[in-house]
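Reader: I would like to learn how to read a protein model feature by feature, with the general idea stated before the particular case. Could we go through it step by step?

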Amino acid sequence: MASSISYKLHLLPPIIPPSYLPPTTEHGVNNQKLIKQFTRLQMGTGEYDYPKSNFEQQPHKVAIPPPQPFIKSLKNTVKETFFPDDPLRQFKNQPASRKFVLGIQYFFPIFDWGSRYNISFFKSDIIAGITIASLAIPQGISYAKLANLPPILGLYSSFIPPLVYAMMGSSKDLAVGTVAVASLLIGSMLGAVVNANENPKLYLQLAFTATFFAGVFQASLGIFRLGFIVDFLSHATIVGFMGGAATVVCLQQLKGILGLEHFTHGTDLVSVLRSVFTQTHQWKWESAVLGICFLFYLLVARFVSTKRPKLFWISAMAPLTSVILGSVLVYLTHAEKHGVQVIGELKKGLNPITIMDLSFGSEYLSTAIKTGIVTGVIALAEGIAVGRSFAMFKNYNIDGNKEMIAFGMMNIAGSCTSCYLTTGPFSRSAVNFNAGCKTAVSNIVMAIAVMITLLFLTPLFHYTPLVVLSSIIISAMLGLINYEEAIHLWSLDKFDFVVCMSAYFGVVFGSVEIGLVIAVALSLLRVLLFIARPKTSALGHIPDSTIYRSIDQYQNVQTVPGILILQIDAPIYFANAGYLRERISRWVDEEEDRLKSSGENSLQYVILALSAVGNIDTSGITMLGEVKKVMERRGLKLVLANPGGEVIKKLNKANLIDVIGQEWIYLTVGEAVGACNFMLHTYKNVEKPIPTGSSSVKETRSDENV
């Protein structure tokens with residue numbers, strides 16, 4: 001008898017504590033004798049021998065967390081949702097005066113790192129600031145034209161916002177300024193309701209108003225700790241959207257390259273190409289030659305800087321060099337009289353106050369709000385991603401919520417001082433990083449350089465050809481068409497590739513707004529699919545271990561006769577409860593069909609591994625109860641393994657533990673399998689009813705007698 005038990009039990013790697021066996025089975029068989037015999041084997045008095053230390057340990061049981069007051073539980077939930085970084089930690093156990101100082105430093109980090117600033121940092125920052133100013137001036141003028149705004153606003157937007165960010169931002173490397181994608185969005189969304197040429201004053205007011213609402217939205221996300229909303233713009237979404245927007249921007253610059261005076265207001269590929277090729281008689285070869293030459297120079301400069309990072313200044317200085325050379329060339333050859341369009345007069349002086357120009361009572365207020373929110377989200381996604389990227393290189397952290405507040409405040413201040421939307425563009429920040437910046441003082445140096453330009457140097461830009469600005473924009477945008485990343489997405493995740501391409505083609509063939517909506521919708525669809533269709537997998541035993549893993553992942557795993565082990569890899573909510581119920585039933589059907597076709601023993605137990613189920617709601621609890629009933633009708637036993645704290649707590653409150661049976665809930669899959677297998681191999685001639693609908697009335701197991 002002991003020999004037979006020894007033979008049966010040595011097939012099972014898990015160790016089964018006798019206390020897990022119920023005193024009486026559902027068939028009325030008394031287990032006390034079995035327990036005593038099993039104990040003798042465990043203690044070494046039988047032929048079956050395990051290491052003694054394994055048998056002396058106390059049985060592992062699933063503990064139910066102690067109840068917590070509702071207020072405490074709610075407080076913990078809110079803290080984990082909105083304050084995962086515990087920003088108030090530094091204020092604990094501090095006197096009131098110290099808390100005040102820490103509060104000032106929290107909202108204005110310049111007062112924190114400013115006390116440690118030294119002349120060595122300043123030398124590096126002044127070089128970096130002058131370098132990015134040389135890039136910011138031509139880019140600012142170019143992007144303002146892209147937004148259908150006066151070119152001078154590009155310079156205004158590189159003066160006030162960088163000063164605000166230098167005081168409130170937490171990134172050392174971010175260089176603040178206007179960006180092409182946001183400029184394109186403003187131009188396309190506002191241009192759909194107001195023509196910038198026919199009604200420039202109203203268009204300008206709407207641009208300032210949109211910038212104001214973008215700032216309010218950004219600051220609100222930071223203040224209320226809602227930064228996770230930006231995370232819905234996935235990496236694939238941003239790659240596709242940025243690539244599509246860059247393609248559209250490049251196509252629109254054909255107007256400047258070809259010297260066209262009339263051009264479509266649409267941003268889609270068809271409209272742009274139709275506008276280009278229906279005006280072939282108005283193409284100006286002088287402008288085209290000039291544009292192609294400067295574009296070639298800019299691309300070569302960028303290529304050299306890419307291959308030799310120490311020569312970054314060549315690429316950084318190329319836009320300003322192009323502006324200077326183009327202006328001199330036009331001035332000397334009087335090219336403006338031969339079809340080469342120039343910027344014209346730029347007003348001298350610092351930013352005018354425009355707080356009274358914010359158009360809150362306009363009939364187009366809803367358009368301004370929508371434009372502000374959309375551009376604000378895009379600007380946040382780009383700025384925070386850029387800031388975090390460079391912070392990783394220098395091994396420091398930036399606070400995403402503080403960055404949102406800083407972006408919001410600089411755009412609110414900018415809307416009141418003749419600026420439109422700004423953020424932290426990658427190209428300018430990369431130059432700032434490569435130039436060796438140490439702190440945000442580089443933004444202050446850049447702002448001072450722009451201020452000097454506004455006060456004294458704006459007349460020098462009178463003869464700057466628009467075709468040079470178009471070349472600068474195209475050169476910058478080509479770097480945003482990241483086809484290598486798209487190829488990487490295809491090899492890594494096909495769905496992400498579809499999201500990326502959908503965003504790209506939505507922008508190119510539809511509009512910027514359509515592309516953004518499609519990309520976000522597909523990203524949300526994927527989130528919903530992850531929730532509504534969680535992955536389930538069958539587990540098997542890895543030989544010579546007590547480990548159970550997916551049979552799809554590990555080829556050498558062995559299934560356990562008579563037992564189906566299923567792992568659920570997501571929380572169980574109302575959105576997936578119905579699917580999981582049907583999927584578990586299908587797993588059982590497939591397993592029974594497999595056993596029947598192979599002639600193996602019939603299925604007896606279904607174990608649900610719940611280690612990945614972090615939470616469960618009432619629908620999920622109801623689903624488990626229904627699965628329990630379904631298993632009973634089919635003559636199967638439902639067993640749970642390793643339910644988490646939240647899960648077991650809710651199962652206890654719902655009295656589902658009593659329904660399932662405390663003796664059928666185990667700490668590990670190994671212990672659950674061992675208990676089930678012990679039951680399978682220790683009963684003889686136990687009659688078991690066959691599910692309704694079967695041709696037989698009963699079946700008999702003829703295992704070894706104990």
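**Reading burial, helices and packing**

Author: Let us begin with a single residue in this predicted model: Gln604 has a relative accessibility of 7%, which is under the 20% cut-off, and therefore counts as buried. Gln604 sits in the loop between helix 25 and strand 4 (605-609), and its side chain is joined to that of Ser602 by a polar contact of 2.8 Å.

Reader: What percentage of the residues in the protein chain is buried, and how many helices and strands does the chain have?

Author: Of the 706 residues in the protein chain, 51% are buried, and the secondary structure amounts to 29 helices and eight strands. As for how the chain is connected, if one takes the contacts between residues at least 6 apart in sequence, 78% of them join residues at least 24 apart.

Reader: How should I read a single helix, and why does the distance between the ends of helix 24 agree with its number of residues?

Author: The general idea is that an α-helix has 3.6 residues a turn, so residues three or four places apart point the same way. In this structure, helix 24 covers residues 512-532, and because each residue should contribute 1.5 Å, its 21 residues should span 30 Å, in agreement with the 30 Å between its end C-alpha atoms. The N-terminal end of helix 24 is capped by Ser511, which places a side-chain oxygen 3.2 Å from the backbone nitrogen of Ile514. Buried residues of helix 24 include Val512, Gly515, Leu516, Ala519 and Ser523, and among the elements covering the buried residues of this helix are helix 10 (180-191), helix 12 (235-252) and helix 17 (365-394).

Reader: How are helix 10 and helix 12 packed against each other?

Author: Two packed helices are described by the angle between their axes and the distance between the axes. For helix 10 and helix 12 the angle is about 70 degrees and the axes are 10 Å apart, so the two helices are roughly perpendicular to each other. Their crossing is left-handed, and the contact is made by Val181, Leu184 and Leu185 from helix 10 together with Phe241, Met242, Ala245, Val248, Val249 and Gln252 from helix 12.

Reader: Which residues of helix 19 are buried, and what covers them?

Author: In helix 19, which runs over residues 426-434, the buried residues are Arg428, Ser429, Ala430, Val431 and Asn432, and their cover includes helix 7 (119-146), helix 16 (312-333), helix 17 and helix 20 (441-457). Just after helix 19, Gly436 adopts a positive phi of about 90 degrees.

Technical notes: Residues are numbered from 1 along each chain as its sequence is written. This is a predicted model: local features need pLDDT of at least 70, side-chain atom pairs count only at pLDDT 80 or more; totals for chains, interfaces and linings use all residues. Side-chain values use heavy atoms; hydrogens and water are left out. Helices (H or I, at least four residues) and strands (E, at least two) are DSSP runs, numbered from the N terminus. The expected span of a helix is 1.5 Å times one less than its number of residues. Buried means under 20% relative accessible area, exposed over 50%, partly exposed in between (1.4 Å probe, protein chains only). Contact means heavy atoms within 4.5 Å. A polar contact is a pair of N or O atoms within 3.5 Å; within protein, one must be able to donate a hydrogen and the other to accept it, and residues adjacent in sequence count only if both atoms are side-chain atoms. Axes are lines fitted to C-alpha atoms, for helices over the stretch in contact, and angles run from 0 to 180 degrees between N-to-C directions. Angles under 35 degrees count as roughly parallel, over 145 as roughly antiparallel, 65 to 115 as roughly perpendicular and the rest as oblique. A crossing is left-handed if the near helix is turned anticlockwise from the far one by less than a right angle, and right-handed if clockwise.
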